[in-house]
Structures are given as structure tokens and as C-alpha cells.
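Got a few minutes to walk through a protein chain with me? Have the sequence and the 3D view open, and we'll go through them together.

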Amino acid sequence: MPVVKVTRAGVRAAPRQVPTETTATILPMTVDRVGQEAPEDEGPTKVSSLAEAFEQFKPSLNFKANVGDEGTEFVADLDFKGLKDFDPKKIGSREPGKRNDVADLQSQIDLLHRMRERFTVLAVKRAWENADQRKEIIDALGEFQDALRRLSGGAA
């Protein structure tokens, strides 16, 4: 039986790079532009890297909502300078000069978890059984509740 050898010309061992200069989108892409065509006078913007895209378009989020029965305002003002800024830990942290109620809410949740853990400690359980110390704990929690009300914009 004869041996047949098949060879192909032009086959490369590694794939070629994707040509990014032929890929275009109109940015910044916002919710109100989804499903619509770009205006005729607006052309595509060429960027050669992700860092350049973040620098040129400066993506941001300005979120405002009223929550609860009282209509407390909830605001998150975020700027994204790179992919790491989309990390939930980064979103949950405070940025100087920007209002971020998500960060305030996360810090209060963390504080409540720490308080819950403290109430499982034997010394705190004993303090709770003592009437004078229980009153001090309740007063401290009342001050904490007032601070939460001030933080959320409610009346003290």
C-alpha cells in the first residue's frame, strides 16, 4: 500500500493577531444609545489600547435613587480609570470628593457583623446580665442608631 503525504501551504503554527484597526464602535456607549444608529457626522474613534480608551472616554456612573418609605436619597458617584475599578471591593470603597453611599452602607454592614460577633464573647454576655452595664450597652447602641439616622439623612 502506498504512503500518501498531505501538505498544506500557508499553515502557521500560531494564530495571527486580530486586526483591531478594522474594528470600530461609537463610544461612549450609553444606555440611551443602545439600539440606535450613530449620527452621520459622528465617526468612530480609534484607540490602540484599553488604557487609552479609559483615558479618552472616562467612563463613570452617577446613580441616584430614592429608597424606603421615607424616600431617602441613595447616591453613588463613581469614576472608572481601569478594569480594576470595576471590582466590587473597589466600588464599595470611598473616593475623596465623591459621594458613594454604597461604601457607607458596606461599612455599616461590616460594623453590624462585628457587633454580632462581639455579643458571642463571654465577657459581653456577662456584661449584658449586669443591669448597669446593660444600660451602658443600650445607650451606646442608641448613639450608634442616631449616627445611622444622620448618615442616611433622616431626623435624629
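What follows covers the overall layout, then the aromatic rings, the salt bridges and a few spots on the surface.

**The overall layout**

First off, keep in mind that this is a predicted model. Its secondary structure comes to five helices and two strands. Reading from the N terminus, you'll meet these elements in the order α-β-β-α-α-α-α. How much of the protein counts as buried? Of its 156 residues, 13% do. The protein exposes about 13,400 Å², and carbon and sulfur atoms supply 55% of that area. As for contacts between residues at least 6 apart in sequence, 28% of them join residues at least 24 apart.

**Aromatic rings**

The structure holds four aromatic pairs. One of them brings together Phe 54 and Phe 86, whose rings are tilted, with 6.4 Å from centre to centre and 55° between the planes. This pair links distant parts of the chain: Phe 54 belongs to helix 1 (residues 50–57), while Phe 86 sits in the loop between strand 2 (72–79) and helix 2 (88–91), 32 residues apart. Phe 54 is buried at 11% relative accessibility, whereas Phe 86 is partly exposed at 41%.

Phe 86 also pairs with Phe 80, and here the rings are stacked, with 4.2 Å between centres and 0° between planes. Phe 80 counts as buried, with a relative accessible area of 9%. Put the ring pairs together and you get a cluster of Phe 54, Phe 80 and Phe 86.

There's another link between helix 1 and a later part of the chain to look at. Ala 51, found in helix 1, is 30 residues from Lys 81 in sequence, yet their C-alpha atoms are 8.1 Å apart in space. Ala 51 itself is exposed, at 55% relative accessibility.

**Salt bridges**

How many salt bridges are there? The count comes to seven. Here are three of them:

| Acidic residue | Basic residue | Closest N to O |
|---|---|---|
| Asp 79 | Lys 98 | 2.8 Å |
| Asp 104 | Arg 94 | 2.4 Å |
| Asp 139 | Lys 135 | 3.1 Å |

Take the salt bridge of Asp 79 with Lys 98. Asp 79 is in strand 2 and Lys 98 is in the loop between helix 2 and helix 3, so the pair ties together parts that lie 19 residues apart in sequence. Both partners are partly exposed: Asp 79 has a relative accessibility of 25%, and Lys 98 has 24%.

Next comes the salt bridge between Asp 104 and Arg 94. This one also links distant parts of the chain, with Asp 104 in helix 3 and Arg 94 in the loop between helix 2 and helix 3, ten residues apart. Asp 104 is buried at 18% relative accessible area, while Arg 94 is partly exposed at 46%.

Arg 94 turns up again if you look at Ala 103, which lies in helix 3 (residues 101–118). Setting aside neighbours within four places in sequence, Ala 103 is in contact with Gly 92, Ser 93 and Arg 94. Ala 103 and Ile 91 are twelve residues apart in sequence, with their C-alpha atoms 7.4 Å apart in space. Is Ala 103 buried or exposed? At 7% relative accessibility, Ala 103 counts as buried.

The salt bridge of Asp 139 with Lys 135 stays inside one element: both residues lie in helix 5, four residues apart, or about one turn of the helix. Asp 139 is partly exposed at 38%, and Lys 135 is exposed at 52%.

Elsewhere, salt bridges link Glu 73, Arg 99 and Asp 101 in a network.

**On the surface**

Which residues form a nonpolar patch on the surface? They are Phe 119, Trp 128, Ile 138 and Leu 141, with about 330 Å² of accessible area together. Ile 138 is found in helix 5 (residues 131–152) and is partly exposed, at 46% relative accessibility. Trp 128 has a second role to note: the charged end of Arg 134 sits over its ring, 5.7 Å from the centre.

Finally, check the backbone at Lys 58. Lys 58 has a positive phi of about 50°, although it isn't a glycine. You'll find Lys 58 in the loop between helix 1 and strand 1 (60–67), and at 60% relative accessibility it counts as exposed.

Notes
Residues are numbered from 1 along each chain as its sequence is written. This is a predicted model: local features need pLDDT of at least 70, side-chain atom pairs count only at pLDDT 80 or more; totals for chains, interfaces and linings use all residues. Side-chain values use heavy atoms; hydrogens and water are left out. Rings of Phe, Tyr and Trp (its six-membered ring) pair if their centres lie within 6.5 Å; planes under 30 degrees apart count as stacked, over 60 as edge-to-face and the rest as tilted. Buried means under 20% relative accessible area, exposed over 50%, partly exposed in between (1.4 Å probe, protein chains only). A charge sits over a ring if NZ of Lys or CZ of Arg is within 6 Å of the ring centre and within 35 degrees of the ring normal. Patches are made of residues with over 30% relative accessible area and no salt bridge: like charges are joined within 9 Å, nonpolar side chains (Val, Leu, Ile, Met, Phe, Trp, Tyr) within 5 Å. Accessible areas come from the Shrake-Rupley method with a 1.4 Å probe; for residues, only the protein chains shown count as cover. A salt bridge is a side-chain nitrogen of Lys or Arg within 4 Å of a carboxyl oxygen of Asp or Glu. Contact means heavy atoms within 4.5 Å.
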